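Let's take a walk through a protein together. Keep the picture open beside you as you read, and turn it around whenever a new part comes up.

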Amino acid sequence: MTQAVSAKEQMAWAPRAGFLRRWEQALADRLNPLLVKEARQGLKSRQFAFTFFLALVSAWVWSLWGLAASEFYEMTVNQEVGREMLMGYLVILGVPLLIVLPLAAFRSMVGEHEDGTYELVSITGLTPGQVVRGKLASVLLQGLIYFSVFVPCVAFTYLLGGVSLLQIAVLLVVGGSVSIGLISVGLAMAVQSSSRHFQMFVFVGLVMLCMFVYLLCMILASEHLWWGASDASNPEFWSAVAWVVCLIGCYSLLMYSVTRAQLIPRGHNRSTAVRVVMLICGAGWVGGTAWVVQLTKGEYAAEVWQLFQLALFAHWFVACFFILGEQTEVTRRIRLQAPRSLLGKALAIWLQPGPTLGFFFTLFGCAVQMLVALLVLLQADALRRTDEVIAYVAALTSYVAFYGGMGLLAMRLLRRWVVPSVVVSLVVALGVFTLFLGMPLMYELLVYSVPFQQFRWYHVFNPVVTLDEIDSPTGGTWDILIVLTPVAVAAAGIHLPALWREIRALRHTIHSTATAWPDSPSELGSDQTQPSHPFEHLKSPAD
């Protein structure tokens, strides 16, 4: 009788089981194949096994030691036990999330180029975006495994007392966001050059960055645990957490766009998506500026506004030198994708590839977003010196124009001997900084016994000294701008002919709707682009 009932139940569940199998098979087919490959390799690697085992042992030892220490010191449940235990778990969990996973993502992407497997991936149907998403998802899968192990330990600290669920949630969400950001940075740094010497240098820099972020996160987490118990009832605290998470997400998207652009073959449009995300990141800083100014109406509004403007300046300054390494040739594929309407040519033309277009894009983007932030400060009516903040915006924009213009001029001179790249743009940036910052600094230290005691004309090229002089009540603000602004305008104005040439090259699009993409490479002429994969040229005409 039991066997008959069991057979009937199996027959009843057979259609449902078949549906589940079909749904599972369809889901497996839709998953990124690179995610499956990287997940298998990553979970079977010695690095993951060793790190995971070490994290488990550390969590087990900390649990036993923490409880034993709490009994020894006769701590009550409502005292420091929960906070200290949670802080210990965060220190252990932060090592794989903030150090190991970003370095693993870097090595995974570098290994594709060292082993020559990226050429095999490129002949498949996977796009560069799918390759980057597969790498990112495989590393995040390892992070989820670490999270799943430590969640019971973190929940145990709540039972000990001293911490709230909201504090635990904030720490885990912000920590996970920072981990995703560092993983995206690792992927972006891995594709900038195929030289092993440069990759070793970049790897050391990534290790230092991860260590710095790890220490900073641990300090902020301890401050939040011991002094932020009342933050849950503060609306400004949740607004700040939301803004930080959104800003980290914007820069993670920027790093993803940069990595994807580096994997796209030359001759395609690598620039538009990256520049759009740059605008989004800058808008995030402007939104944070508006929120902070409205929150701190009073004597500190101008000072906080200046800090946010320095961050916005650093964003566009770095973006300017990154864009200088773009390709100069305008292929037919790019021309076909260029905007044709009047409004599109006026707005979207600045998003098209080209170093000169990119330079003026960063200059206009920096100027517009800083002016918007200035209007926010003026509307808040929290100023003591209006001329000071106006000079601040003018000086920061002038530095983007001057150093970006000098860097673009140096790149144009070097293009005869080297291929433009991010590495070359970094070398150019170091040379420009040495010329206009290092040489005056050496002269000041050698000639004057007390350096920087008085503002001199060559200090105009030093942003730190100049901004400090503008911020000083006795500083000659307008005298500085009279020297700095014409120099910046001249540095940007010498590139107007090159800007016109790049715009004219993009205007030479094919307006006939009957014109299609050429069927053979011979029809491309001088605008022939690289094939979509290394074996495209081996195809026969019959194919």
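**A walk from the whole chain to its cores**

Start with the overall look: the protein chain has 19 helices and zero strands. Keep in mind that what you're looking at is a predicted model. The chain runs to 543 residues, and 45% of them count as buried. About 29200 Å² of the protein chain is exposed, with carbon and sulfur atoms supplying 68% of that area. Now think about who touches whom along the chain. Among contacts with a separation of 6 or more, 81% link residues that sit 24 or more positions apart.

Next, head inside. In soluble globular proteins, nonpolar side chains tend to be buried together. Here, the largest nonpolar core has 70 residues, and the members touching the most others are Met 278, Trp 305, Phe 402 and Tyr 403. Helix H15, which covers residues 386-414, is the top contributor to this core, giving 14 residues. So where does the core sit? Domain 1 (29-228 + 236-257) and domain 2 (265-513) both give residues to it, so this core lies between them.

Zoom in on Tyr 403 for a moment. Setting aside neighbours within four places in sequence, Tyr 403 is in contact with several Phe residues, namely Phe 317, Phe 321, Phe 433, Phe 436 and Phe 461, and also with Val 432, Leu 437 and Pro 463. Apart from this core there's another one, made of 53 residues, including Met 85, Leu 86, Met 87 and Ala 221.

Now swing over to helix H3, residues 46-72, where you'll find Leu 64 and also Thr 51. Is each of these two buried or exposed, or something in between? Thr 51 has 13% relative accessibility, and since buried means under 20%, Thr 51 counts as buried. Leaving out residues up to four places away in sequence, Thr 51 touches Pro 96, Val 100 and Tyr 146. Leu 64, at 46% relative accessibility, falls between the 20% and 50% cut-offs, so Leu 64 counts as partly exposed. Leu 64 also belongs to a nonpolar patch on the surface, along with Phe 53, Val 57, Trp 60, Val 61 and Trp 65; together they have about 660 Å² of accessible area.

One last stop: Gln 142, in helix H6 (residues 128-160). With a relative accessible area of 7%, Gln 142 is buried. Neighbours within four places in sequence aside, Gln 142 is in contact with Gly 42, Leu 43, Gln 47, Phe 48 and Leu 101.

Key: Residues are numbered from 1 along each chain as its sequence is written. This is a predicted model: local features need pLDDT of at least 70, side-chain atom pairs count only at pLDDT 80 or more; totals for chains, interfaces and linings use all residues. Side-chain values use heavy atoms; hydrogens and water are left out. A nonpolar core is a set of buried Ala, Val, Leu, Ile, Met, Phe, Trp, Tyr and Cys residues joined through side-chain atoms within 4.5 Å. Buried means under 20% relative accessible area, exposed over 50%, partly exposed in between (1.4 Å probe, protein chains only). Helices (H or I, at least four residues) and strands (E, at least two) are DSSP runs, numbered from the N terminus. Domain bounds come from an automatic or database domain assignment. Contact means heavy atoms within 4.5 Å. Patches are made of residues with over 30% relative accessible area and no salt bridge: like charges are joined within 9 Å, nonpolar side chains (Val, Leu, Ile, Met, Phe, Trp, Tyr) within 5 Å. Accessible areas come from the Shrake-Rupley method with a 1.4 Å probe; for residues, only the protein chains shown count as cover. A salt bridge is a side-chain nitrogen of Lys or Arg within 4 Å of a carboxyl oxygen of Asp or Glu.
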